[in-house]
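Trainee: I should like to learn how to read the features of a protein model. May we take them one at a time?

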Amino acid sequence: MAEVDHQIATWISNNILYIVLALGLIWFLKKNVANLRRRWFAYFMHLFTKEKDAKVEEMKKDLFASMKDVVSQDPVLRKQNSIRILEIGVGTGVNFSHYPDGSKLVVVDPNPHFKSYYNDNRKKFPNIETEEILVTTGEKMDMVPDNSIDVVVMTLVLCSVSGTEEIMKEILRVLVPGGKFYFLEHIREFDTEKHSIRQKIQEFLTGTGLWPFLFDGCCLNRDMLPAIEKAGFSKVNGERFYAPINSFFFQIIKPHLKGTAEK
Ligand SMILES: C[S@@+](CC[C@H](N)C(=O)[O-])C[C@H]1O[C@@H](n2cnc3c(N)ncnc32)[C@H](O)[C@@H]1O
């Protein structure tokens, strides 16, 4: 045994330089591959969201329609007929056209590579007041004060977060009493009798890690409604449905969940 230990120690001391170089290379690749993946994902989302799909926009219009009836609990904003919206995981900023004129928008996203796309896009909406992206996750929004937000919006985000429960707690913390949470997510197949093949493909692509690797941790096999229902909102209205997605490739994310919840 002592002989083996001695041989190992000798091998390590003879190769210490290579070991340090190999560890350095692994560290460098890990850091930069993650960065490259995030850069690629931001670019992909930019390409994917550049052209708006009329049917998807119609569905969002319907989902967000009640936002115009929200009255701010901030007396200053109320006087201005304005509301404060927090969008979590804003990406390139695809929901701006659905926000009431004069809305004040706070946004968070952990991927800094979205900044340039978001900044280009927000220039097209002078009717709403947007702020710089706060680079953080929905789980850690300490910079957003308690009871300060009238409306929280989150679209296509929970598929890739690790802390759904923490995000729900943060949403409840920042919303004013009676404040509204609007959500839209792609989910796992819910009609497994009719669409068992889609469900199997979703499990395969997620289980092998292929889809999460390509799309920034996105999982195809989640259903977030139970977590939203359990979070402690006073009212939850969630609906599972098939989104009007035509692209053959994205039939895999056709099962969706949409709704609102109230603090
Ligand atoms: C599929 S994109 C959707 C972007 C945009 N909401 C939309 O509907 O097009 C997912 C977004 O969630 C962000 N994201 C990922 N993990 C997050 C987390 N833990 N908290 C907040 N946002 C997150 C990503 O950086 C990305 O912008």
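Trainee: Is Asn147 buried, partly exposed or exposed, and what is its relative accessible area?

Mentor: This is a predicted model. A residue counts as buried under 20% relative accessible area and as exposed over 50%, with partly exposed in between. Asn147 has 43%, so it is partly exposed. The residue sits in the loop that lies between β3 and β4. Its phi is positive, near 45°, although Asn147 is a residue other than glycine.

Trainee: Where is Asn81 found, and is it buried or exposed?

Mentor: Asn81 belongs to the loop between α3 (75-79) and β1 (84-88). Its relative accessibility is 69%, so Asn81 counts as exposed. Asn81 is not a glycine either, yet its phi is positive, at about 60°.

Trainee: How should I read a sheet, and what is the order of the strands here?

Mentor: One reads the order of the strands and then looks for the edges. In this model an open sheet of seven strands runs β3-β2-β1-β4-β5-β7-β6, and the pairing is mixed. The edges are β3 (129-134) and β6 (235-242); each has a single partner strand, so one side of each has no neighbour in the sheet. On average, neighbouring strands are turned by 15° against each other, direction ignored.

Trainee: How many bridges join β2 to β3, and what packs on the sheet?

Mentor: Strand β2 (residues 104-108) and β3 run parallel and are joined by four bridges. Within this pair, Lys104 stands opposite Glu129 of β3. Helix α2 (residues 54-64) packs on the sheet, where it touches β4 (149-155), β5 (175-186), β6 and β7 (255-262). The direction of α2 makes about 160° with that of β5.

Trainee: Which residues touch the most other members of the largest nonpolar core?

Mentor: They are Ile171 and Phe181, in a core of 65 residues. Domain 1 (1-51) and domain 2 (52-187 + 222-262) both give residues to this core, so it lies between them. Leaving aside residues up to four places away in sequence, Phe181 touches Ile171 and others, including Val152, Met168 and Phe233.

Trainee: How many residues of each domain are in contact, and what area is buried between the domains?

Mentor: Here 13 residues of domain 1 are in contact with ten residues of domain 2. About 1,000 Å² is buried between the two domains, and carbon and sulfur atoms give 68% of this. Arg38, Ala42 and Thr49 supply 41% of the area that domain 1 buries against domain 2, more than any other three residues. The C-alpha centres of the two domains lie 36 Å apart.

Definitions and conventions:
Residues are numbered from 1 along each chain as its sequence is written. This is a predicted model: local features need pLDDT of at least 70, side-chain atom pairs count only at pLDDT 80 or more; totals for chains, interfaces and linings use all residues. Side-chain values use heavy atoms; hydrogens and water are left out. A nonpolar core is a set of buried Ala, Val, Leu, Ile, Met, Phe, Trp, Tyr and Cys residues joined through side-chain atoms within 4.5 Å. Buried means under 20% relative accessible area, exposed over 50%, partly exposed in between (1.4 Å probe, protein chains only). Domain bounds come from an automatic or database domain assignment. Contact means heavy atoms within 4.5 Å. Two strands pair if DSSP finds at least two bridges between them. Helices (H or I, at least four residues) and strands (E, at least two) are DSSP runs, numbered from the N terminus. Axes are lines fitted to C-alpha atoms, for helices over the stretch in contact, and angles run from 0 to 180 degrees between N-to-C directions. Buried area is the accessible area (1.4 Å probe) that two parts lose on being put together, summed over both.
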